[in-house]
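Morning, everyone. Please have the sequence and the model open in front of you. I'll take the main pocket, then the overall fold, then a few single residues.

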Amino acid sequence: MINCNLFSKNLFGHFTTITHHKLLVMQHCFRVGLYKQGLLHDLSKYSPIEFIPGVKYFQGNLSPNNKQRIVEGRSDAWLHHKGRNKHHFEYWIDYPMSSQGVTGLVGIEMPVNYVAEMFCDRVAASKVYAKDAYTDRYPLEYYERGPAKNIMHPNTAKLLHKLLVMLAEKGEDETFRYIKYQLLKKKRPH
């Protein structure tokens, strides 16, 4: 039996959370000149395979994908999401071929524009989940606690870490300027 009040609360909560996140990422992407990526960011979260588990496992302060993993042993929503969104380093996992055959899974170096979107995504997710506790150090601290740096291609991990340190030490304005004009080499207005 479905509790209608809980379902309505979770539906509203999940929809507003993912929409708030998407809008923040879009704003960040626009600041660095990634207009198309900003507009298209995370649209798959509104697809039934991602949205329905998001409502079912909505908590408000953590990803519903983690709750789905705990309850079901895997997150079909996450498997769908990471396979369609190139700003996730997990999209860039493959196995290299050698004369000895397959040697295991490795991180593939991500194109710089997707590393920039991943940075924007991590900053926005930190703001959404940390709420008032957010500081510019929060995304760096979250990254350093997690396993991503050990899975990503070393060059991708190094670049993301550099951007997160820059954010922690110099703030958003300087970091976004660096991404736009140095990393992505967008033209400055005259």
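**The pocket and its surroundings**

Start with helix α6. It gives the largest share of the lining of the largest pocket, seven residues. Keep in mind that this is a predicted model.

How big is the volume of that largest pocket? About 1,200 Å³. Forty residues, written 40 in my notes, line the largest pocket. The closest to its centre are Ser-63, Asn-66, Trp-78, Ala-125 and Tyr-142. Put those five on screen if you want to find the middle of the pocket.

Which helices build the wall, with at least two lining residues each? They are α1, residues 4–31; α4, 64–72; α5, 76–82; α6, 112–130; α7, 138–145; and α8, 148–151. By residue type, the lining divides into 19 nonpolar, 13 polar and eight charged.

Now the fold. The protein chain has nine helices and four strands. What order do they come in, from the N terminus on? The run is α-α-α-α-α-β-β-β-β-α-α-α-α. So read it as five helices, then the four strands, then four helices.

Next, overall dimensions. The C-alpha trace of the protein chain spans about 55 × 50 × 30 Å along its principal axes. The radius of gyration is 18 Å. For 190 residues, a compact globule would come out near 16 Å, so the chain agrees with that expectation.

How much of the chain is buried? Of the 190 residues, 45% count as buried. The exposed surface of the protein chain is about 11,100 Å², and carbon and sulfur atoms supply 58% of it. On contacts, take those with a separation of 6 or more: 59% of them join residues 24 or more positions apart.

Now some single residues. First, His-21, in helix α1. Buried or exposed? His-21 has 6% relative accessibility, and the cut-off for buried is under 20%, so His-21 counts as buried. What is His-21 in contact with, beyond its neighbours within four places in sequence? The partners are His-41, Asp-42, Lys-45, Asp-121, Ala-124, Ala-125 and Val-128. One of them, Ala-125, is also among the residues closest to the centre of the largest pocket.

Second, Gly-60. Where is it? Gly-60 sits in the loop between α3, residues 48–56, and α4. Its relative accessibility is 16%, so Gly-60 counts as buried too. Leaving aside neighbours within four places in sequence, Gly-60 is in contact with Tyr-129 and Lys-131. Compare Arg-145, which is 85 residues away from Gly-60 along the chain: the two C-alpha atoms are separated by 21 Å.

Third, the end of α6. Ala-130 lies in helix α6. With 12% relative accessibility, Ala-130 counts as buried. Leu-62 is 68 residues from Ala-130 along the chain, and their C-alpha atoms are separated by 9.3 Å.

Then Lys-131, one of the two contacts of Gly-60 that I just named. Lys-131 is found in the loop between α6 and α7. Its relative accessible area is 48%, so Lys-131 is partly exposed. What about the backbone? Lys-131 has a positive phi of about 55°, although it is not a glycine.

Last, Lys-185, in the segment after α9, residues 154–183. Phi of Lys-185 is also positive, near 55°, and again this is a residue other than glycine. Lys-185 has a relative accessible area of 64%, so it is exposed.

To recap. The largest pocket takes the largest share of its lining from α6. His-21 is buried in terms of accessibility, and His-21 is in contact with Asp-121, Ala-124, Ala-125 and Val-128, among others. Lys-131 is partly exposed, whereas Lys-185 is exposed. That's my tour.

Methods:
Residues are numbered from 1 along each chain as its sequence is written. This is a predicted model: local features need pLDDT of at least 70, side-chain atom pairs count only at pLDDT 80 or more; totals for chains, interfaces and linings use all residues. Side-chain values use heavy atoms; hydrogens and water are left out. On a 1 Å grid over the protein atoms alone, a cavity is a set of points where a 1.4 Å probe fits but cannot get out, and a pocket is an open set with protein on both sides within 12 Å along at least five of seven lines; lining residues have an atom within 4 Å of a point. Grid points are joined across faces, edges and corners, and a volume is the space filled by probe spheres set on the points. Ala, Val, Leu, Ile, Met, Phe, Trp, Tyr, Cys and Pro count as nonpolar, Asp, Glu, Lys and Arg as charged, and the others, Gly among them, as polar. The radius of gyration is taken over C-alpha atoms; the globule rule is 2.2 Å times the number of residues to the power 0.38. Buried means under 20% relative accessible area, exposed over 50%, partly exposed in between (1.4 Å probe, protein chains only). Contact means heavy atoms within 4.5 Å. Accessible areas come from the Shrake-Rupley method with a 1.4 Å probe; for residues, only the protein chains shown count as cover.
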